[in-house]
Amino acid sequence: MIKTRERIIQISEPVTGKEELDALSEPLETGWLTQGPKVKEFENKFARKHQSKYAFASTSCTTSLHLALSSIGLAPGDEVIVPAFTWVSTANVVVYCGAKPVFVDVKQDTYNLDTEKLKRNISNKTKAIIPVHLFGLCSDIDEIRSILPRNVSIIEDAACAVGAKYKKKMAGSLGEFGAFSFHSRKIITTGEGGMLTTNNQTLASKAEILRNHGASVSEENRHKGPRPYLLPDFEVLGFNYRMTDLQGAVGIAQLSKLDHFLNQRKKWAAWYLNAISDIPWVNLPFIPDHCEHSWQAFVVVINEEKSPLSRNEIMEKLLSAGISTRPGTHAVSNLGFYKKNYGTKKSDFPVSSMLEKCSLALPLHNKMEEQDFKYISEILHSI
Ligand SMILES: Cc1ncc(COP(=O)(O)O)c(C=O)c1O
């Protein structure tokens, strides 16, 4: 019997409390609201956690990715390899630089870039690749590195992968750059927000300058310098992608909860993997042994041949039982802009197209309780 529920189980809910509220009082009281000491502290702590020498907070993962590509000097005529199954901005940032995104299909079990299909998409114009750690599972970076020519940069799209590990190394420390998201559907949040990590000093200094309009001297150093009232020179075309200190303060509080959030997510993901493994029309996500998933989302695939209903019908049914779900993500190559401007075809990316149609994100977040998971499992079994 399907129980009725008093509240909808949301697909995702941020966990903020007294710590975040208290953290906001200092910038509000001192009046330092723009990028300042709180952002610096957030960056230092984030860098340490993600085994990176440098971290630069920004307005989003999208702008972090754009900073990364601008820092490596991506220009018109260049190509960048991106997985076809990802959020649209992984490809958009390539277009922002006037370069061409080259889509590669993904694997059906990990939802990440298919390295078997990578080779044939590399050309002498390939300047970078953006492997995505989708839903918190790291892409196979060693395999990707072994296939790529040495001059091709790896920019990790780690939007979903705060705290994730690959061969005991942290996401964000695996490529030339890593870009993270603090959008409120992510594991830790600053409302909107992002972080760019790197271990390369030259790239770090480029990214830092580009984040701040291209100013040759950072705001902080100008204020510490002998003539703080004078404006610096701007020698490159930059952007304003700075994070506010209000967000930085919230980010510090969220980061202190990260390990707890990750442990809870891991526990409940393992629970799902066991509890719904007997449903014949649900294909579960595969986690290679060398990866520690951060479980930003728990995404299954509806096996159309075995399922009594389509993915969308299942979503409808779950919603009517008070359970909110989402498609995993989209096949960017199937979106209007890319079809129109790059001539991409559904049939060229069969796995991404199937996942776009059949993937299903079930609720998994840090406000859920045991009874929520049990209820979802019960409803799934009843279909
Ligand atoms: C894989 C991936 N890349 C990039 C982004 C963009 O992140 P943001 O919203 O912080 O720009 C997202 C957001 O959902 C994402 O899932």
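## Handedness of a crossing

A crossing of two helices is right-handed if the near helix is turned clockwise from the far one by less than a right angle, and left-handed if the turn is anticlockwise. By this rule, helices H1 and H8 cross in the right-handed sense. The model discussed here is predicted.

## Helices H1 and H8

Two packed helices are described by the angle between their axes and the distance between the axes. For H1 (residues 18-30) and H8, the angle is about 145° and the axes are 8 Å apart.

On the H1 side, the contact consists of Glu19, Glu20, Ala23, Leu24, Glu26 and Pro27. Their partners in H8 are Asp245, Leu246, Ala249, Val250, Ile252, Ala253 and Gln254. Sorted by class, the residues of this contact are eight nonpolar, four charged and one polar.

## Helices H3 and H6

H3 (residues 61-71) and H6 (residues 201-211) form another packed pair, with axes that come within 9 Å and cross at roughly 125°. An angle counts as oblique when it falls outside the ranges under 35, 65 to 115 and over 145 degrees, and H3 and H6 are therefore oblique to each other. Their crossing is right-handed.

H3 contributes Leu67, Ala68, Ser70 and Ser71 to the contact, while H6 contributes Leu203, Lys206, Ala207, Leu210 and Arg211. The class count for the contact of H3 with H6 is five nonpolar, two polar and two charged residues.

## Two domains and their contact

The protein is divided into domain 1, spanning 18-255, and domain 2, spanning 258-382. A distance of 26 Å separates the C-alpha centres of domain 1 and domain 2. Their contact draws 32 residues from domain 1 and 30 residues from domain 2.

On the side of domain 1 that touches domain 2, the elements giving two or more residues are helix H4 (89-96), strand S6 (165-166) and helix H8 (245-255). That side of domain 1 has 19 nonpolar, seven polar and six charged residues. Helix H8 thus appears in two settings: it gives residues to the side facing domain 2, and it packs with H1.

## Surroundings of the ligand

Which residues are closest to the ligand? They are Ser60, Cys61, Thr62, Ala159 and Ser181, out of 15 residues that surround the ligand. Helices H3 and H4 each supply at least two residues of this shell. By class, the shell around the ligand has eight polar, six nonpolar and one charged residues.

H3 and H4 also take part in contacts described above: H3 meets H6, and H4 gives residues to the side of domain 1 that touches domain 2.

Key
Residues numbered from 1 in each chain as written. Predicted model: local features only at pLDDT ≥ 70, side-chain atom pairs only at ≥ 80, totals over all residues. Domains from an automatic or database assignment. Contact = placed C-beta atoms within 7 Å. Helix = DSSP H or I, 4+ residues; strand = E, 2+ residues; numbered from the N terminus. Nonpolar A, V, L, I, M, F, W, Y, C, P; charged D, E, K, R; others polar. Axes fitted to C-alpha atoms, helices over the stretch in contact; angles between N-to-C directions. Near = placed C-beta within 6 Å.
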